Amino acid sequence: MPGIVVVGAQWGDEGKGKVVDILTEHAEVVVRYAGGPNAGHTLVVGNEKVIVRLVPSGILRKGTACVLAQGMVIDPVRLCDEIDELKKRGYEHAADLHISDRAHAILAYHRLVDGLREQTAGALGTTKRGIGPCYEDKAARRGVPMGALRDPKTLRDLAARGLEAWKPVIAALGGTAPTLESVLAEIEPLAARIAPRLCDTSALVDAALRENKTVLFEGAQGTLLDVDHGTYPFVTSSSAIAGGACTGAGVGPTRIARVVGLVKAYCTRVGAGPFPTELSDEIGERLRKIGDEFGSVTGRPRRTGWLDLPALRYAARINGLDRIAITKLDVLTGAPKLRVCVAYETPHGESSELPVSDLERAKPIYRDVEPWSDDLSGARALGDLPRAARDYVAMIEEAAGCEAMIVSVGSRRDETITK
Ligand code: GDP
Ligand code: IMO
Ligand code: MG
């Protein structure tokens, strides 16, 4: 039963890319099950940095089967650009992907609507990659599954239907709808590249699991951005939680042996929405600078804040975490003070639970913890960490209710403590 889900326990950007890359050493298949090019997963090997958006983070290791499953939304233009870029950098096998014929295609009108909405008062701070409108089309049953790239007439008919539906919205937002010909002109030339890669990825994943191969299900975004369980409406439009691996990849829950939650040692968030432990002072600025907290997709500065233990307990529950990986512990080194949120004051009294539907009115209750000043980047065993950092790890493990299998102390592959 070697299905392992790797899921973000916060608001995304926890370091899923790095951890999936490390775990891929022992995996035969890596599957992206949700989201699309809103994700930006960073992999650092030696001095080389690669950011993948649609392609699974297993891609750096040749011989690993990389799957884009049906829970994803895929922009064919960005996918081909990403493959070309990876090939240019020496990853010749980057085109050897298995792409679900039922993942949905992001087309020009999805990106346009996303961008236009971001200019309005209700902007969510999306990545403007067309994610929301594409999932809207899927739920409205007027989307364009990737399988349509196999047949020009089907592609034309489905794109025409989608475009017609969005025209009044685009006009109301003050935009100009693209012509059907321009929508098609962008993707038709890519069909010959993509079509041979399309398949029923769920069958492929099932076969691998039956052969007892290790399959990693790579989450995108994070628990608090999940459309059902996140800080709605300031969320993405997909099932980012561990359960999304089952629906998104088409595998039964009985196939999942392990769920690893990614926990950054502090919190960040990109885009709008409640973030109770946010730091708007020089400590927050320090975290942003030392942690290099700038969006890997949009370059936007990430909002930074203290670690939120009620949010972690919530993520542990929603995802059924049975292991965690703690990242960016090194970023806290030298912090003049360290605090964590341990509970919330809510209109209904104090609570150690995350008041997820009323976060705007909740006030964090903090506990000071002991800071440390030693450089952690050379640590390769928990025993190499200073006591205060070990205590910090133990505190996170206690809140998550499970052990850390990885503690990351730098962005590089080797800057890692594995248990
Ligand atoms: P993802 O979206 O969850 O894959 O995370 P991102 O790649 O968007 O953001 C995580 C950032 O932190 C990337 O720039 C990583 O290279 C970097 N990173 C990951 N782990 C560590 C760590 O332990 N220490 C430091 N300093 N950087 C890390
Ligand atoms: P990874 O996989 C951080 C955020 C956006 C915005 C909200 C909705 O790298 O962790 P969308 O474009 O999805 O409609 O935007 O979700 N968001 C992310 N934040 N990491 C991500 O992915 C994100 N993907 C989307 O900033 O607030
Ligand atoms: Mg990211």
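A polar contact, as the term is used here, is a pair of N or O atoms within 3.5 Å; within protein, one of the two must be able to donate a hydrogen and the other to accept it, and residues adjacent in sequence count only if both atoms are side-chain atoms. By that criterion a polar backbone atom of Gly40 lies 2.8 Å from an oxygen atom of ligand 1.

The structure is a predicted model, in which local features need pLDDT of at least 70 and side-chain atom pairs count only at pLDDT 80 or more, while totals for chains, interfaces and linings use all residues. Residues are numbered from 1 along each chain as its sequence is written, chains are lettered from A and ligands numbered from 1 in the order in which they are written, and side-chain values use heavy atoms, with hydrogens and water left out.

**Polar contacts of the two ligands**

| Ligand atom | Protein atom | Distance |
|---|---|---|
| ligand 1, oxygen | Asp13, side-chain N or O | 2.9 Å |
| ligand 1, oxygen | Lys16, backbone N or O | 2.7 Å |
| ligand 2, oxygen | Asp13, polar backbone atom | 2.8 Å |
| ligand 2, oxygen | Gly40, backbone N or O | 3.0 Å |
| ligand 2, oxygen | Thr127, side-chain N or O | 2.6 Å |

The protein covers 97% of the 550 Å² of accessible area that ligand 2 has on its own, an area obtained by the Shrake-Rupley method with a 1.4 Å probe.

**Surroundings of ligand 1**

Around ligand 1 there are 19 residues, of which Lys16, Gly40, Thr42, Asp330 and Ser408 come nearest; a residue is near a molecule if one of its heavy atoms lies within 4 Å of it. This shell divides into 3 nonpolar, 9 polar and 7 charged residues, where Asp, Glu, Lys and Arg count as charged, Ala, Val, Leu, Ile, Met, Phe, Trp, Tyr, Cys and Pro as nonpolar, and the others, Gly among them, as polar. Helix 1 (16-23) and strand 3 (41-45) each supply at least two residues of the shell; helices (H or I, at least four residues) and strands (E, at least two) are DSSP runs, numbered from the N terminus. Helix 1 is mostly covered, with 8 of its 8 residues buried, that is, under 20% relative accessible area with a 1.4 Å probe and protein chains only. Lys16 and Asp21 are among these buried residues.

**Surroundings of ligand 2**

Ligand 2 is surrounded by 21 residues, and the closest are Asp13, Lys16, His41, Thr127 and Thr236. By class, its shell has 8 nonpolar, 10 polar and 3 charged residues.

How values were computed. Buried means under 20% relative accessible area, exposed over 50%, partly exposed in between (1.4 Å probe, protein chains only).
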